[in-house]
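Subject: Structure for you to look at

Hello,

Here is the structure I said I would pass on. Please open it alongside this note; what I found follows below.

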There are 2 protein chains.
Amino acid sequence: MVVGEVIQERELIIVGGGPGGYNAAIRAAQLGLEVTLVEKGELGGVCLSKGCIPSKLFAHTAEKLSDWKHMQQLGIEAGEPNFNMAQHQKYMDQTVTGLQKGVQALCKANKIEVINGSASFMTGNRIGIETGDTFEMYKYEKAIVATGAKPFVPESVELSTDRVYSAQDIYAIEDVPEHLVIYGSDYIALEAATSFNALGAKVTLVLDAESDFGFDTEINKELNRVLKKSKVKVIKECSLESVEAEKNNVTLHVLKDGEKLTVEGSHLLVSTGFRPNTKDIGLEPFKLETDEEGFLVVNENSETSTKGIYAVGDVTIGQSLAVKAIKQGKVAAEHCAGQISELNLRYIPTVVHTSTPIAYAGLSEDEAVAEGFEVTTGQFSMSGNGFAGIKGKKEGLVKIVKDSKTDLLLGVHMIGQGAVEMISSGVTALEMAARDEDILYPFYPHPSFNEGWLEALESMTGTAIHIPPNKQQKKDAQPVG
Amino acid sequence: MVVGEVIQERELIIVGGGPGGYNAAIRAAQLGLEVTLVEKGELGGVCLSKGCIPSKLFAHTAEKLSDWKHMQQLGIEAGEPNFNMAQHQKYMDQTVTGLQKGVQALCKANKIEVINGSASFMTGNRIGIETGDTFEMYKYEKAIVATGAKPFVPESVELSTDRVYSAQDIYAIEDVPEHLVIYGSDYIALEAATSFNALGAKVTLVLDAESDFGFDTEINKELNRVLKKSKVKVIKECSLESVEAEKNNVTLHVLKDGEKLTVEGSHLLVSTGFRPNTKDIGLEPFKLETDEEGFLVVNENSETSTKGIYAVGDVTIGQSLAVKAIKQGKVAAEHCAGQISELNLRYIPTVVHTSTPIAYAGLSEDEAVAEGFEVTTGQFSMSGNGFAGIKGKKEGLVKIVKDSKTDLLLGVHMIGQGAVEMISSGVTALEMAARDEDILYPFYPHPSFNEGWLEALESMTGTAIHIPPNKQQKKDAQPVG
């Protein structure tokens, strides 16, 4: 190995080239900083190669397949489809590679120095970078830690490439499993459940959580209905005891209501959270503040407890979502460049690409009540939406939570087709401190899913047009205690 | 015929049961009014039986068919599809009937008196209603005209049920035309063009307009590119001379650049606007204010020039869009019930369900400049959006127009998948008088089409992440003169 003799100086060094890292790098370069981005794998990180992108592609394909019966109703005759996983994975590779090349090209166009290597923080604002052949020492003015996280898998689980998967390797699978058992209750578990179900797998979802999926009560209820209808079996309130993987099957031993329960399947996905990638990168001497699980604590500028060292994305506290990483990356870069820039996670949208998608932002009814609000909620079932009828997507509902005293919106929740696209109008409204009248006043295209949002809000005053008078969904709730 | 002897008194009589009429009826009933709704055809009107709903269903089916090649990329193997129009029309009938029954049930649940008959306004706040068997006289306190409009077809065109269609009968067609010629340039012409094209027809679109489709310049440009790619032939700047319909074909004679041009096809759709249904309903004595074409002029409460007579929907001035009718219907009903309620058409969303959908609200760049604004525009091509890549929908762009001086948004424009769902965030922002920072600050789910909106705005300051530095789409324009 060639060890460099001089210390190279950089304005900003970013460790990790996932969404948080590369967005930070490009934004910093746009603002005139000299940026070095260190990535030991591929640009785009886990999100691009193993997480967000593959899972959304599977969800997309699953949607196409689950629409088959509806297509026949529409007069599209084409026999039963055969799903060719090898072709799907080929297309996925092309898509992922294309996106990776796109990020590479953007970094190049922004004159970002990209180093394929492993970085170690050292004292004196230094970072050592090993590329395999060389070890060079760099000095930074500012640094951003964007190393992400890795799946946390209970000790009793031994991952394997052909039968027992984590969230980061399930989408590399080579065949549709005969019977996929999923242990977990997060959005990753849910997306995998409905995607593989539509691809033809039998799916059993074994929830680790105490009760449900963690959405607003009404969303949970509708989700359970949708899962039941699509024959995804859900076993709730389980805790994992052990896993036995054999040649052709996997057995999960769990405790449910104090009783031992055995769940057998052909394959297993364990999705039980993440742990931050903070080891082996030399951060220990900085004694950066972390939470109990080691996630880095950052402030509204995405700066850690050590001035000049920022952290963005899954390595930080909060939800493991690319949307968080991207925003933090931009804010950190802007702050490094001397701009006034901050973020607040209060209205981060959470999006789940289940066969009937879910998206929400702000407070659920229960959360709002727990925070001391007197709330009014309104709700509209998408079965009453004309466009949903046309599209053959009548599952789902919209629910809106407002502060009864001020009429300010507190939370917007949707399960149903178009939820992902429409959540942005909810987030915009929440961020702009919208009152109910701000949502009631505008026009909503007809026919469109969008009208469901309006009718959810109208139902608060008993004036949703497509709900009969005795079924208007108004509900009031008082703060607890 | 039995002629009633007593004059029956009603608080509100609504003539016409389309979206404007039935939304008005239900809202008025919700507010405690005694409502009579007169409809000579089916509840839901033309929108439900011949317009919005059928056209959106055709667009939906067309989208499924045009996705076929993409589905093969995804590994979904199913041979070439056959399109069975009879089955499609059967499904459409079921869908339309289901929605009509829904409206009937809602009227019943809201205790609205629905009369299937023809209404004639008379002096002294009276309306005569003929049902075929009976003629009854009613006296109203308030009345709403919601009689809609019918297609305007040039004198030289003779409609026929099997070859020459208007906007209101094209979707009852029994077979996919071999070669559909469309004369017109409105959203109806456009939707029919891309829908029938995807269903397998050869399509020639002969534009009546001087130049283009009337969208923002960049949307027009992308739309032309998309049409060209999908092999829809567009002939611009034509004026109709005559039409010859024979047994198996239709010949259109037009003038283009002063030269005679002949366009032949198997079928013809003429979509050249509408004229209001104001004849034969006894409105003449009221001398209601109209525009040159006879559309009723209404104020912000949707009230005509005669106090107590309101008008809503296609019978009124402005665009022929159900979204307008619905809002006007609600506002008129609320005003009749003594509420303070008004509307402003400035930020009405226009939505076109072309194979690559279009949606916009507010001012185009040219309109803003013409109104005297100093504008900055930002633009993002959906080819740079990761989610669009996954979905196989890389066509399109987002363009945002803002006032350079105040940073207030003036217009939002999109062509691309998800445009219809996402336009609501634009409309909400426009109605709430959002500045650019209000759109830049929120989180946008990743990966999602929504990110395109953010990047369009970021491009105004050269900070769109997925546009190389030398291609950021910022553009400034000064007011004219």
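A residue is called buried here when its relative accessible area is under 20%. Keep in mind that this is a predicted model.

By that cut-off, helix 7 of chain A has these buried residues: Glu218(A), Ile219(A), Asn220(A), Glu222(A), Leu223(A), Asn224(A), Val226(A) and Leu227(A). The helix covers residues 217–229, and its 13 residues reach 18 Å from the first C-alpha to the last, close to the expected 18 Å. At its N-terminal end Asp216(A) acts as a cap, with a side-chain oxygen 3.0 Å from the backbone nitrogen of Glu218(A). After the helix comes Lys231(A), which has a positive phi, near 65°.

Leu227(A), one of the buried residues of helix 7, is also in contact with Leu205(A). Among the other contacts of Leu205(A), leaving aside neighbours within four places in sequence, are Ile182(A), Phe213(A), Val232(A) and Ile235(A). Leu205(A) belongs to the largest nonpolar core, which has 200 residues. The residues with the most contacts inside that core are Leu205(A), Phe196(A), Leu205(B) and Phe196(B).

Chain A as a whole has 13 helices and 25 strands. Of its 481 residues, 60% are buried. Its radius of gyration is 24 Å, which agrees with the value near 23 Å for a compact globule of 481 residues. The C-alpha trace spans about 80 × 60 × 50 Å along its principal axes. The accessible surface is about 19000 Å², and carbon and sulfur atoms hold 48% of that.

In chain B, I looked at helix 5 (residues 85–109). Its 25 residues should span 36 Å at 1.5 Å a residue, and the end C-alpha atoms are indeed 36 Å apart. Asn84(B) caps its N-terminal end through a side-chain oxygen 3.1 Å from the backbone nitrogen of Ala86(B). Buried residues of this helix include Met85(B), His88(B), Tyr91(B), Met92(B) and Cys107(B). Lys111(B) follows the helix and has a positive phi, near 55°.

Last, Ala429(B) sits in helix 11 (residues 419–431) of chain B. Is Ala429(B) buried or exposed? Its relative accessible area is 0%, so Ala429(B) is buried. Not counting residues up to four places away in sequence, Ala429(B) touches Leu409(B), Ala434(B) and Ile439(B), as well as Thr428(A) from chain A.

Regards

Technical notes: Residues numbered from 1 in each chain as written. Chains lettered and ligands numbered in written order. Predicted model: local features only at pLDDT ≥ 70, side-chain atom pairs only at ≥ 80, totals over all residues. Heavy atoms only, no water. Helix = DSSP H or I, 4+ residues; strand = E, 2+ residues; numbered from the N terminus. Expected span 1.5 Å × (residues − 1). Buried < 20%, exposed > 50% of the residue type's maximum accessible area, 1.4 Å probe, protein only. Polar contact = N/O pair within 3.5 Å; in protein donor to acceptor, adjacent residues only side chain to side chain. Core = buried A, V, L, I, M, F, W, Y, C linked by side-chain atoms within 4.5 Å. Contact = heavy atoms within 4.5 Å. Rg over C-alpha atoms; globule rule 2.2 N^0.38 Å. Areas by Shrake-Rupley, 256 points an atom, 1.4 Å probe, with all protein chains shown as cover.
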